[in-house]
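Visitor: I would love a close look at one part of this protein, with enough of the surroundings to see how that part sits in the whole. Could you walk me through it?

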Amino acid sequence: MRLTASRASITSSGGAALDAIQQEDPTLDLNFEENKTLTDDVSGNKLITFSRASIGTYVDSDGLIKTTPVNLLIRSEEFDNAVWQNTGSPVIQANAAVAPDGTQSAEIVSYKNVVVYQDQGTATQGVTYTGSIYLKGNSDQTLKLRVVSTQASDSQEISVTTEWQRFMVTRTATNSTDPLRLLIEGRDGFVAPLPVDFELYMWGAQLEANASFPTSYIPTGATISGAPRFDHDPATGESLGLLIEESRTNLLTYSEEFDQWTVGSNSTVTPNAVTAPDGTLTADRVFSPATGGTFVANGTITAGTTYTASVYAKAVTPGTNDKFTFNVGGGSGNASSQFTATAEWQRFTFTVTPSTVTAGLDNLFINNEGDGFISDIYLWGAQLEANASFPTSYIPTFGQTGGVTRTPDIATIEGTNFSSWYNQSEGTIFSDVSPLSADSGRAYVFSDGTENQRIGHSTNASNNFALFIRSGSTTTSLASSVSGLPKPLKAGIAYKSGSSRGVFDGVLKTLSSTTQVPNSIDQLSLGSQNFSADGYLNGHISRIAYFPPRKTDQESIDLTI
């Protein structure tokens, strides 16, 4: 299955110039489009710290919409943190051993019949949970592993050896009081003691809902985290790179169950009638006769607020009974022009700022308003976003009052992961990004964590500093506003005190002879600005590469054509 879009797809232009990056000796090369991982091509290490405290959806290479897993545990590698509870007062050595990912981040627990566990609220009755953790010991021993239960009888034996293994246990919560728990304990509790000198190496704890098998490990810090999203063009399957979005809320209570909407007397809904864009049998058939019919999602609209509505639709009988309209707020003039569904799934979007809201009418109509045509279509994945001039990725809802919020994607490089490749005095930054809207934010920001020391790239058409350097109170624009957005952008910043320059798509921009280069840069924020919780890209980062010398103008042109 392939999806098509009601607006033009945005893809990276690729090209031989990108292949030449490897020959130019970068010290950082994040090729998200090709690798679909957070790994740096130069060092072979995952330098990026990524988090998103919620699920997120993306289009996979097969054209289907997928939902990322979420690690429900926090401090997944920090067993010395207080969030990990224990009995027996064990000695915990932090970052004492090489972990399965090659970093010095595994912890050693002196395991004299100690129980180590973490609780994160309560489970949902009927939901299947899978817990997983990497373990090894200084000798072969049998331990026990347990999830979402306080009962020792629910523990499963595991055979720990002197080599790293990922162990898993799965259980379906039987009531709403089961703890969201992952627990590791001795074989028979305190009945059969482990050797006095036994040490257990621990790393990478994970707990996932709606899962019968563990997915790839998702590290967490102070919050739970979903996995990064490597998105694809819905029509062609082309890889687009890393998707970075701001926080958005789907205000609709039921995004897929149209029989739960207020259905007009002339209309009918056939639930789960056809395969949806996510590959499941969850799309509904919605029929309204020529005399008019409505489907209303309950909620409240505020006049003067900008809303973006979206829904996936395709025709039951292409070319005939395939039209529908949107209306937000019920006020006059708030309906969009008619949409025409085709034989393929498309995501249709409509943005409006209702000037009035009709009392008693709710927030989103999908209807034909009695315009003399029959509407017979399949619908799935309805979404309504407030304070939004464009749609973001689909946020599923299943009866949650007030809708569901997807939290922002946070991707940063800090500490020695940053200082190992960055040059304070001069350098060149290459980026290939595709904003989803002309109202997008930052592609990247190098900074010291404040507004006063920055090197950055904005993708917002209204921003006067599309490529910029800021030192102290002085901001120097190296390229002014970009026209024609949204579109893919290959950009370069070559910086050096007294000689800094910007390049867009092979075209040289401002040469600054007075630029004072920031000298305390110690971090990189990808797709946002790390000194404030705004300015998110809302788009795709295909590739970012860094070179420690200031490239010549011609070299910068060659990199970005």
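Guide: Happy to; we will start with the chain as a whole, settle on one strand and its partners, and then visit a loop and a separate sheet.

Please keep in mind that this is a predicted model. The protein chain is built from four helices and 42 strands. It has 561 residues, of which 53% count as buried. Among contacts in the chain with a separation of 6 or more, 73% are made by residues 24 or more positions apart. On the outside, the chain exposes about 21,300 Å², and carbon and sulfur atoms supply 48% of that area.

Now for the close look, at strand β34, residues 442–447. This strand is mostly covered, with six of its six residues buried. On the β35 side, the pairing is antiparallel and consists of five bridges, with β35 covering residues 453–458. In that pairing, S447 stands opposite R454 of β35. The two strands make a hairpin with five residues between them, and G449 in the turn has a positive phi of about 90 degrees. β34 also pairs with strand β41, residues 523–526, again running antiparallel but through four bridges. There, Y444 of β34 faces L526 in β41.

What does the nonpolar interior look like? The largest nonpolar core has 41 residues, and W421 and F446 are the ones with the most contacts inside it. Strand β38, residues 489–496, gives the most to this core, contributing four residues. Leaving aside residues up to four places away in sequence, W421 touches T27, L28, L47, I413, F446, L524 and Y546. So the two best-connected members of this core, W421 and F446, also touch each other. In soluble globular proteins, nonpolar side chains tend to be buried together. A second, separate core has 34 residues, including Y111, V114, V127 and A205.

Next, a loop residue worth a stop: T397 lies in the loop between β30 (375–386) and β31 (404–406). Is it buried or exposed? T397 counts as buried, because its relative accessibility is 0%, where the cut-off for buried is under 20%. Its neighbours, beyond those up to four places away in sequence, are N250, L252, T253, Y254, S255, E256, G403 and V404. T397 and L252 are 145 residues apart in sequence, yet their C-alpha atoms lie 7.0 Å apart in space. The side chain of T397 reaches the backbone oxygen of L252 at 3.0 Å, and it reaches the backbone oxygen of T253 at 3.1 Å.

Finally, the sheet. Five strands form an open sheet in the order β7-β10-β15-β12-β13, with antiparallel pairing. Its edges are β7 (85–87) and β13 (156–160), each of which pairs on one side only. Neighbouring strands of the sheet are turned by 25 degrees against each other on average, direction ignored. At the β13 edge, the partner is β12, residues 141–147, and the two pair in the antiparallel sense over five bridges. Within that pair, K144 stands opposite E157 in β13.

If you return to the model with one thing to look up, try β34: all the strand's six residues are buried, with β35 and β41 as antiparallel partners.

How values were computed:
Residues are numbered from 1 along each chain as its sequence is written. This is a predicted model: local features need pLDDT of at least 70, side-chain atom pairs count only at pLDDT 80 or more; totals for chains, interfaces and linings use all residues. Side-chain values use heavy atoms; hydrogens and water are left out. Two strands pair if DSSP finds at least two bridges between them. Axes are lines fitted to C-alpha atoms, for helices over the stretch in contact, and angles run from 0 to 180 degrees between N-to-C directions. A nonpolar core is a set of buried Ala, Val, Leu, Ile, Met, Phe, Trp, Tyr and Cys residues joined through side-chain atoms within 4.5 Å. Buried means under 20% relative accessible area, exposed over 50%, partly exposed in between (1.4 Å probe, protein chains only). Contact means heavy atoms within 4.5 Å. Accessible areas come from the Shrake-Rupley method with a 1.4 Å probe; for residues, only the protein chains shown count as cover. A polar contact is a pair of N or O atoms within 3.5 Å; within protein, one must be able to donate a hydrogen and the other to accept it, and residues adjacent in sequence count only if both atoms are side-chain atoms.
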